[in-house]
Amino acid sequence: MHKRHGLSQGVLRFEFFQDAADPAHFSLFEVYADMAARDAHLQTEHFLKWKDVYLATQERKGDGHEFLALYPEEGDWKKG
């Protein structure tokens, strides 16, 4: 993972996790400003490249579920 990532436009939070029991398994968690920002991000060159590598190398894959923020409240995720 390149640590100089920086947040893409519309991405409010970006977290990358390594499974403690299976160091070859990783998970990505991102929070977007809205669904339009999510949809735009999923079409960026860097995301598509990352997705291809992830899908080719990870045995367990997430489903890209949409979650609702319960805490902190949605407004607290947004940058001021």
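**Contacts, charges and rings in a predicted model**

Among contacts in the chain between residues at least 6 apart in sequence, 32% join residues at least 24 apart. The model described here is predicted, and its chain averages a pLDDT of 78, with 79% of the residues scoring at least 70. Confidence varies between the elements: helix α1 (residues 35-41) has the highest mean pLDDT, at 91, while helix α3 (residues 74-77) has the lowest, at 68. Where pLDDT is low, the predicted coordinates should not be read in detail, a helpful caution to keep in mind when turning to helix α3, with its mean of 68.

The overall layout is easily followed. The secondary structure comes to 3 helices and 2 strands, and from the N terminus on these elements run in the order β-β-α-α-α. Of the 80 residues in the chain, 18% are buried. The chain exposes about 6700 Å², and carbon and sulfur atoms supply 55% of that area.

The strands offer a good place to look at individual residues. Glu15 has its place in strand β1 (residues 11-18). With neighbours within four places in sequence left aside, Glu15 is in contact with Ser27, Leu28 and Phe29. Phe26, for its part, is found in strand β2 (residues 26-32). Not counting residues up to four places away in sequence, Phe26 touches Phe16, Phe17 and Gln18, as well as Tyr54 and Gln58. One of these partners, Phe16, lies 10 residues from Phe26 in sequence, and their C-alpha atoms are 7.1 Å apart in space. Phe26 counts as partly exposed because its relative accessibility is 23%, and the buried class is kept for values under 20%.

Charged side chains come next. Side chains of opposite charge can pair when their charged atoms come close, and a search of the whole structure finds 2 salt bridges. In one of them, Glu15 pairs with Arg13, and the closest N and O atoms are 2.2 Å apart. Glu15 appears here again, and at 19% relative accessibility it counts as buried, whereas Arg13, at 35%, counts as partly exposed. The side chains of Asp39 and Arg38 meet in a salt bridge as well, at 3.3 Å from N to O. Both of these residues are classed as partly exposed: Asp39 has a relative accessibility of 42%, and Arg38 has a relative accessible area of 25%.

Aromatic rings complete the picture. The structure holds 1 aromatic pair. The pair is formed by Phe47 and Trp50, whose rings are 5.7 Å apart from centre to centre, with 40 degrees between the planes, an arrangement that counts as tilted. Why are Phe47 and Trp50 separated by about one helical turn? The reason lies in their spacing, because Phe47 and Trp50 are 3 residues apart in helix α2 (residues 45-57). As for accessibility, Phe47 is buried, with a relative accessible area of 12%, while Trp50 is partly exposed, with a value of 28%.

How values were computed:
Residues numbered from 1 in each chain as written. Heavy atoms only, no water. Helix = DSSP H or I, 4+ residues; strand = E, 2+ residues; numbered from the N terminus. Buried < 20%, exposed > 50% of the residue type's maximum accessible area, 1.4 Å probe, protein only. Contact = heavy atoms within 4.5 Å. Areas by Shrake-Rupley, 256 points an atom, 1.4 Å probe, with all protein chains shown as cover. Salt bridge = Lys/Arg side-chain N within 4 Å of Asp/Glu carboxyl O. pLDDT = per-residue confidence, 0-100. Phe/Tyr/Trp six-rings, centres within 6.5 Å; stacked < 30°, edge-to-face > 60°.
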